[in-house]
Every structure is written in C-alpha cells, then in structure tokens.
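Here is a short set of exercises to work through with the model open beside you. Try each task by yourself before reading the solution.

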Amino acid sequence: MQIVISGRQLDVGEALRDYVTNYIETAEVKFAERPTEARVTFSKNGAAFDCEVSMHLSTGVSTIAKAESHDIYSSFKQSYDKLEKQLRRYKRKLKDHH
C-alpha cells in the first residue's frame, strides 16, 4: 500500500510521518483487506490545523475524513477516528449482505 503524507505550506516532520504511518497501517490490517492508497494532507487554517485523510480500496470505495484542531496530532487523530468509523461500517455492510 502506498501512503502519501504531505503538508500544504507546512513542513511535516519525521516524527509526525511515523505517527501517521503507524495508525494508517493499523487501519489497513484491521478493516481493509486490500487498500491501494492512503493520502494524509495537513494544512494550517489560522491558529488551527486541518487534516484530511483519504483511503482508496481495491473494491473502488473511497473514504475521506476531515478534522480541525489546535494541535496537529489531535487533528489527525480526530480525522483518523472518522475514517476508522467509515471503514468499520463498510466492512459490516459487506459482511451483512453476503
């Protein structure tokens, strides 16, 4: 799986990249059987940080989660929680319809 972590007019450090990669790989193992790509984009909005996480699965489903917080780590965690919820619901939907 390809994980792309970027920042819009913002430097994303190595510690944040490791933090994000660990969480995305956990979601991959837990919910998505064959994800193809995950994109995490950070941006600064005034005094707050915006985080957008999108994951594309091999089944053609794309999930996008956005969050805003005053801390860059908490903005990622909030958007990750939303993404995890979407993937959990999608996996449950697949299991219920078989």
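**Exercise 1. A glutamate and its partner**

Which side chain does the side chain of Glu 37 join in a polar contact? Find the partner, then place Glu 37 in its surroundings. Bear in mind that this is a predicted model.

*Solution.*
- Step 1: The partner is Arg 39, and the polar contact between the two side chains is 3.1 Å.
- Step 2: Glu 37 belongs to strand β2, which covers residues 35-45.
- Step 3: The relative accessibility of Glu 37 is 17%, so this residue counts as buried; the cut-off for buried is under 20%.
- Step 4: Leaving out residues up to four places away in sequence, Glu 37 touches Met 1, Gln 2, Val 4, Ser 54, Met 55 and His 56.

**Exercise 2. From Gln 2 to strand β2**

Describe where Gln 2 lies and what Gln 2 touches.

*Solution.*
- Step 1: Gln 2 is part of strand β1.
- Step 2: With 48% relative accessibility, Gln 2 counts as partly exposed.
- Step 3: Along the chain, 36 residues separate Gln 2 from Ala 38, yet their C-alpha atoms are 6.3 Å apart.
- Step 4: Beyond four places in sequence, the residues that Gln 2 touches are Thr 36, Glu 37 and Ala 38.

**Exercise 3. The loop between β1 and α1**

Compare Gln 9 and Leu 10: is each one buried, partly exposed or exposed?

*Solution.*
- Step 1: Gln 9 is located in the loop between β1 (2-8) and α1, and Leu 10 lies in the loop between β1 and α1 as well.
- Step 2: Gln 9 has a relative accessible area of 85% and is therefore exposed.
- Step 3: Leu 10 has a relative accessible area of 24% and is therefore partly exposed.
- Step 4: Check the backbone of Gln 9 too: its phi is near 50°, a positive value in a residue other than glycine.
- Step 5: Now follow Leu 10 across the fold. Its C-alpha is 7.4 Å from that of Phe 42, 32 residues apart along the chain. Contacts of Leu 10 beyond four places in sequence are Phe 42, Ser 43, Phe 49 and Ile 72.

**Exercise 4. The nonpolar core**

How many residues are in the largest nonpolar core, and which of them have the most contacts inside it?

*Solution.*
- Step 1: The core holds 22 residues, and those with the most contacts inside it are Val 20, Ile 24, Val 40, Phe 42, Val 53, Met 55 and Phe 76.
- Step 2: At least two residues of this core come from each of α1 (14-30), β2, β3 (48-57) and α2.
- Step 3: Helix α2 gives the largest share, 6 residues.
- Step 4: Look at α2 itself. This helix spans residues 72-96, 25 residues, and reaches 36 Å from first to last C-alpha, close to the 36 Å expected. Its buried residues include Ile 72, Phe 76, Leu 83 and Leu 87.
- Step 5: A general point helps in reading such a pattern: in an α-helix, with 3.6 residues a turn, residues three or four places apart point the same way.
- Step 6: Zoom in on Val 53. Beyond four places in sequence, its contacts include Ile 24, Val 40, Ile 64, Phe 76 and Leu 83.

**Exercise 5. Aromatic rings**

What is the geometry of the pair formed by the rings of Tyr 23 and Phe 76?

*Solution.*
- Step 1: Start with the overall count, which is 7 aromatic pairs.
- Step 2: In the pair of Tyr 23 and Phe 76, the ring centres are 5.9 Å apart and the planes stand at 75°, so the pair is edge-to-face.
- Step 3: This pair links distant parts of the chain, with Tyr 23 in helix α1 and Phe 76 in helix α2, 53 residues apart.
- Step 4: Tyr 23 counts as partly exposed at 23% relative accessibility, whereas Phe 76 counts as buried at 0%.
- Step 5: Both belong to one aromatic cluster, formed by Tyr 19, Tyr 23, Phe 42, Tyr 73, Phe 76 and Tyr 80.
- Step 6: To finish, look at another ring: the charged end of Lys 44 sits over that of Phe 49, 4.3 Å from its centre.

Technical notes: Residues numbered from 1 in each chain as written. Predicted model: local features only at pLDDT ≥ 70, side-chain atom pairs only at ≥ 80, totals over all residues. Heavy atoms only, no water. Helix = DSSP H or I, 4+ residues; strand = E, 2+ residues; numbered from the N terminus. Buried < 20%, exposed > 50% of the residue type's maximum accessible area, 1.4 Å probe, protein only. Polar contact = N/O pair within 3.5 Å; in protein donor to acceptor, adjacent residues only side chain to side chain. Contact = heavy atoms within 4.5 Å. Expected span 1.5 Å × (residues − 1). Core = buried A, V, L, I, M, F, W, Y, C linked by side-chain atoms within 4.5 Å. Phe/Tyr/Trp six-rings, centres within 6.5 Å; stacked < 30°, edge-to-face > 60°. Lys NZ or Arg CZ within 6 Å of the ring centre and 35° of its normal.
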